[in-house]
Amino acid sequence: MPAVGDLIDAKCGKCKDVRRHAVVAMVGSEVVKVQCKTCGGMHKYRPDDSAAAKSPLAPKAPKAPKAPRKTGGVSAAKKAAALSAIRKEWEDLEAKTVESGAKPYDVNGSYETGDAINHSKFGMGFVKKVIPPNKMEVHFADSVKLMICKL
Ligand SMILES: [Zn+2]
């Protein structure tokens, strides 16, 4: 194990070659800083420089796929609260809308804020906001979605 003051071979950035260096600083058993005996320059010890330079085409390990973001703790609770608020509002709207009935949803349909629509997949929804030129925000039972429509 080297010690501070020992001489070791290391790549020197200024000399662009492997030169004799004196160990200047260590962390545990690892040399972290050296001083070049040729040019006197002090720099971090880079033991892997020469090996890496010799094989630039070495296959890199594939990046690990990103782990799915965890939804736990506070954010999950917030999400659940937001979801139940959406649900509650939707139930209120649905209760008011039974008699007037809902229009079937159609991308070519024309809707207005407050309209009740019936979506084949998401079920009953209410138009919260129309967004020109061709979108509307629809409040479904458990989510608010942006839908295409004609205005
Ligand atoms: Zn040097």
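1. Strand β7, covering residues 123-131, runs antiparallel to β8 in this predicted model, and six bridges join the two strands. One of the residue pairs across them is that of Lys-129 with Glu-137, the latter being its bridge partner in β8.

2. These two strands belong to an open sheet of five strands, in which the order is β5-β6-β7-β8-β9 and the pairing is mixed. The edges are taken by β5 (103-104) and β9 (144-148), and since each of them has a single partner strand, one side of each is left without a neighbour in the sheet.

3. For the chain as a whole, the secondary structure amounts to two helices and nine strands, and along the sequence these elements follow one another as β-β-β-β-α-α-β-β-β-β-β.

4. Confidence is uneven across the elements, with the highest mean pLDDT, 95, in strand β8 (residues 135-140) and the lowest, 48, in helix α1 (residues 49-54). The pLDDT is below 50 over residues 50-55, a stretch that has two contacts in the model beyond near neighbours in sequence. Where pLDDT is low, the predicted coordinates should not be read in detail. Averaged over the chain, the pLDDT is 84, and 81% of the residues score at least 70.

5. On packing, a reader may note that, of the 151 residues in the chain, 14% are buried. If one takes the contacts between residues at least 6 apart in sequence, 25% of them join residues that are at least 24 apart.

Key:
Residues numbered from 1 in each chain as written. Predicted model: local features only at pLDDT ≥ 70, side-chain atom pairs only at ≥ 80, totals over all residues. pLDDT = per-residue confidence, 0-100. Helix = DSSP H or I, 4+ residues; strand = E, 2+ residues; numbered from the N terminus. Contact = placed C-beta atoms within 7 Å. Pairing = 2+ DSSP bridges. Buried ≥ 20, exposed ≤ 12 C-beta atoms within 10 Å, placed from the backbone.
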